[in-house]
Amino acid sequence: MKKTKEYLIPFIGLKLGKHHFEYQINNSFFEIFDYNEYQDSNIKVNVVLEKKSTLLELSFKHKGTVNVPCDLTSEDFDLPVKGKMNLIVRFGEEYNNDNEELLILPHGEFEIDIAQYIYEMIVLSVPLRRVHPGIKDGSLKTEALTKLNELIVKEEKKENKQEENIDPRWDKLKQLLTDK
């Protein structure tokens with residue numbers, strides 16, 4: 001992972017209270033983490049940092065779209081994503097990020113890097129199974145579906161032709177069943 005200055009928040013100079021930060025996330029952000037699952041992404045992230053005398057509270061919210069292939073048809077589509085996450089930052093003897101909701105920074109720290117938290121929040125908000133919305137409502141038009149529909153029609157026509165070529169002896173046998 002490369003370090004970027006964009007996602008560093010220097011909290012040492014901030015006054016007590018709430019501070020708002022806004023980030024526009026695209027594919028260049030995911031390249032920092034060598035993550036290339038999305039063809040395109042357009043996500044707006046809002047971060048509210050509430051500075052208190054002994055700790056920091058961070059609230060993350062994101063909303064936007066990621067362009068992914070459908071798991072059923074392999075057609076690319078824009079999948080809407082949104083989510084939120086809270087993080088509490090305390091100060092202690094040594095750095096510790098074992099807990100996903102609590103971060104402990106050493107006493108001498110003056111800034112926090114939130115890139116990893118933004119990355120995890122977005123990636124975890126994308127569902128494991130990605131289904132094109134056109135499949136659910138039946139409006140998806142693709143070459144593959146068109147070709148499948150053509151093949152289905154031809155098969156039905158072949159079945160009808162087979163019924164027309166019925167041996168007349170079978171008709172006589174069917175009459176025996178109905179003449180009872």
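Contact, as the word is used in this tour, means heavy atoms within 4.5 Å. The structure on screen is a predicted model.

**The whole chain**

Begin with the full chain in cartoon representation. Its secondary structure comes to 5 helices and 7 strands. Followed from the N terminus, the elements run β-β-α-β-β-β-β-β-α-α-α-α. Of the 180 residues, 31% count as buried. Among contacts with a separation of 6 or more, 56% are accounted for by residues 24 or more positions apart. Switching to a surface view, one has about 13,100 Å² of exposed area, of which carbon and sulfur atoms supply 50%.

**Ile 118 and the nonpolar core**

Select Ile 118 next and display its surroundings. Which residues is Ile 118 in contact with, leaving aside its neighbours within four places in sequence? They are Tyr 7, Tyr 23, Ile 25, Phe 29, Val 45 and Phe 60.

Now widen the selection to the core. The largest nonpolar core has 39 residues, and those touching the most other members are Ile 25, Phe 29, Phe 30, Phe 60, Ile 114 and Ile 118. Two or more residues each are given to this core by strand 2, helix 1 (27–32), strand 3, strand 4 (56–69), strand 5 (76–92), strand 6 (102–106) and helix 2 (115–125). Colouring by element will help here, as helix 2 provides the largest share, 7 residues.

**The aromatic cluster**

Keep the core in view and select the aromatic rings. A search of the whole structure finds 12 aromatic pairs. One of them joins Phe 29 and Phe 30, which meet edge-to-face, with 5.5 Å centre to centre and 80° between the planes. Both of these phenylalanines are buried. Phe 30 also pairs with Tyr 35 in a tilted arrangement, at 6.1 Å centre to centre and 50° between the planes. The relative accessible area of Phe 30 is 1%, so this residue counts as buried.

To see the wider cluster, select Tyr 7, Tyr 23, Phe 29, Phe 30, Phe 33, Tyr 35, Tyr 38 and Tyr 119, which ring pairs link together.

**Asp 34**

From Tyr 35, step back along the sequence to Asp 34. This residue sits in the loop between helix 1 and strand 3. Its phi is near 55°, a positive value in a residue other than glycine. Most residues other than glycine have a negative phi. Is Asp 34 buried or exposed? Asp 34 counts as exposed because its relative accessibility is 65%, and the cut-off for that class is over 50%.

**Three salt bridges**

Next, show the charged side chains. Side chains of opposite charge can pair when their charged atoms come close. How many salt bridges does the structure hold? There are 3.

- Select Lys 44 and Glu 22, whose closest N and O atoms are 3.8 Å apart. This pair links distant parts of the chain, with Lys 44 in strand 3 (residues 40–51) and Glu 22 in strand 2 (residues 17–25), 22 residues apart. Lys 44 is partly exposed, at 37% relative accessibility, whereas Glu 22 is exposed, with a relative accessible area of 54%.
- Move to Lys 52 and Glu 57, a salt bridge in which the closest N and O atoms lie 2.9 Å apart. Lys 52 counts as partly exposed at 34% relative accessibility, and Glu 57 counts as partly exposed at 27%.
- Finish with Arg 169 and Asp 167, where the closest N and O atoms are 2.6 Å apart. Arg 169 is exposed, at 62% relative accessibility, while Asp 167 is partly exposed, with a relative accessible area of 27%.

**A nonpolar surface patch**

The last stop returns to the surface view. Select Ile 166, Trp 170, Leu 173 and Leu 176, which make a nonpolar surface patch of about 440 Å². Centre on Leu 173, which is found in helix 5 (residues 168–178). Why does Leu 173 count as partly exposed? Its relative accessibility is 45%, and partly exposed residues fall between the limits of under 20% for buried and over 50% for exposed.

Technical notes: Residues numbered from 1 in each chain as written. Predicted model: local features only at pLDDT ≥ 70, side-chain atom pairs only at ≥ 80, totals over all residues. Heavy atoms only, no water. Patch = residues over 30% accessible without salt bridge, like charges linked within 9 Å, V, L, I, M, F, W, Y side chains within 5 Å. Areas by Shrake-Rupley, 256 points an atom, 1.4 Å probe, with all protein chains shown as cover. Salt bridge = Lys/Arg side-chain N within 4 Å of Asp/Glu carboxyl O. Helix = DSSP H or I, 4+ residues; strand = E, 2+ residues; numbered from the N terminus. Buried < 20%, exposed > 50% of the residue type's maximum accessible area, 1.4 Å probe, protein only. Phe/Tyr/Trp six-rings, centres within 6.5 Å; stacked < 30°, edge-to-face > 60°. Core = buried A, V, L, I, M, F, W, Y, C linked by side-chain atoms within 4.5 Å.
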